[in-house]
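Colleague: Could you walk me through a few local features of this one? I'd like to start with a loop residue and then move on to the strands.

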Amino acid sequence: MPPGFMQLCHTRLAAATLAFAAASSVARAQETLTEGQTLVIYDSRIADSLAVAEHYAGSLKIPGGSGGVPGTRPGVRVCDLASTGALATTPGNISYADFIARLRDPIRQYLTDQGLVFDVRCLVLTKGLPHRIQDTDNANVGDNPVNFVTEINLSDATCASVDSELTLLWQSLTTGEAGGSSDSKADGMILNPYWRSRLPVSTWSTANIQSAKTITLGNTPGPLWQGTTTGTAALRTTPGDMYLVCRLDAKTVADANAMIDRARFLVVDVNQVALLFDEDPANLDNLPAPFSLLDNGEDYTAAANAIIADGRFPASGTVLANPTAGVTLDSAAGTSNFFVGPLLSFTPGQGRLITAPVLFLASYGSNHNGVPTLLAGGSAGTVYASSFNYSDGAIFNTIESYNGRDFGGLGGNPSVPQQQASDFLAAGGTFAIAHVWEPLAATIADNTVLVQNFVNGELSWAEAAWSSIPVLSWMHLVVGDPLARLHRTSEDLNLDLDVDINDLHDWTQNPVDINRSGVADDADRQLLLKAIRAGDRTDLTNIRP
């Protein structure tokens, strides 16, 4: 044993102990979503659902599968719809009546019977389960933008995604629905109480989640309903009164399982990835009253600026190894200002080529004023997502009305061709926020919030995604592992694919300029502490390879 070895060990242990105390002092108040708070919902009668559930939760939790699968999140809870006595569903569309009888009420009963009503914070739906609830009196009106606007103007749009409707599981939204204007809370949308929060969802108590809420009419047409913030606690609507709902779904079981695997341990190289914000002067993310409450303004610009100001990801053009890495905002129209990747061939002179692996893809997509054409023929508007190389953890959030239609094998909307989130996932993407029916541009998820809470932040994917979505009982799907959190190489100082107390010890011994301010100081240390605190509890249940 070399001289001084024991003293060195004691010194490192003391430093690590002090660092751990500092990192853990507020961890209890900042716990992100955990496996034990997550309920995976599957149907053993549906082969795809069974296979994806087994891959995620493991064979010990999911009997009847292939067997011997350890599961990527073996600590989650599971609910087999077949065991509840509910009739089986089919992928794609479901009527509102069948949604209540075959999904909502069986899930309610399962949570009650198992004593999980107040413990579960996230519901996870699996491939093979339906994703679109049809309108109660005009089944597929959401597929026709013109007719759907008429339904909105009549304040009688009851279609929604299965996932968004389940966020308010304990609210009976169709009570009173008779095809009239605003005659039930299922008409239109409900303001999301978790929207723009920067805190973990466990910050709010679930004690009143089963209480009927006072939800009042905010704006019409639409309508836009709002939960009250006054009166007794039981009547108010808070983030504790909703479930975060995510979906493990893709074109194939193999795609879904690969998507899950890519999210398992995410450490993104901040100097290698591209974060793309592709808009144009059409400003589709800005609508007048009555939806001005939801307006996120110049969201693309704000999101790009937020990442650059944070400092951990560079601006594009500053990484010499690949000038397309970093944050790129393009607000101009025309085919030469439409982002494309190297995996497809486009007409020369069209498309702005991005060769770096893409981490964040925010785009107007087919709504962009000027879309390149393919050399083989056809428009890039429905295939551009398949042209990029992707980093693990890649996120898809585009202003396209029907980019989530294809799940369940429905395909895209034939009358409004748009890029599908399922194609993005098949091409190597990891997370997506998509729309199953026409959502109206004002309700698109805020990129700025996604950036602050996930890319730059420490919330889980489920928390970050739902905190970016303005409304509930509407058209959104949140696709991807809800428990995933994004780590960055800027904080993974020892390059062990984890951000933990050892990185803080290394920083203490050799301070690093994490935020690119030009000096390594306490601001950098605080960024590292925040990353460590957020993972303290969730990492306890993670089994690392």
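Modeller: Helices (at least four residues) and strands (at least two) are taken here as DSSP runs, numbered from the N terminus. Keep in mind that this is a predicted model.

Colleague: Fine, so where is Leu-493 found?

Modeller: Leu-493 lies in the loop that connects strand E21 (486-488) with helix H11 (501-509).

Colleague: And which residues does Leu-493 touch, leaving out those up to four places away in sequence?

Modeller: Leu-493 touches Asp-503, Trp-507, Val-512 and Leu-528. For Trp-507, which is 14 residues from Leu-493 along the chain, the C-alpha atoms of the two are separated by 7.4 Å.

Colleague: Is Leu-493 buried or exposed, then?

Modeller: Leu-493 has a relative accessible area of 23%, and because buried means under 20% and exposed over 50%, Leu-493 counts as partly exposed.

Colleague: Changing topic, what is the order of the open sheet of three strands?

Modeller: The order is E3-E5-E6, with mixed pairing. Strand E3 (93-94) and strand E6 (160-161) stand at the edges with a single partner strand each, so one side of each has no neighbour in the sheet.

Colleague: How many bridges join E5 to E6?

Modeller: Two bridges join strand E5 (residues 132-133) to E6, and these strands run antiparallel; Ile-133 has Ala-160 in E6 as its bridge partner.

Colleague: What do E8 and E9 form?

Modeller: E8 and E9 form a hairpin with four residues between them, and Gly-222 in the turn has a positive phi of about 145 degrees. Strand E8 (residues 215-219) pairs with strand E9 (residues 224-227) in the antiparallel sense over four bridges, and the bridge partner of Leu-217 in E9 is Trp-225.

Key:
Residues numbered from 1 in each chain as written. Predicted model: local features only at pLDDT ≥ 70, side-chain atom pairs only at ≥ 80, totals over all residues. Heavy atoms only, no water. Buried < 20%, exposed > 50% of the residue type's maximum accessible area, 1.4 Å probe, protein only. Contact = heavy atoms within 4.5 Å. Pairing = 2+ DSSP bridges.
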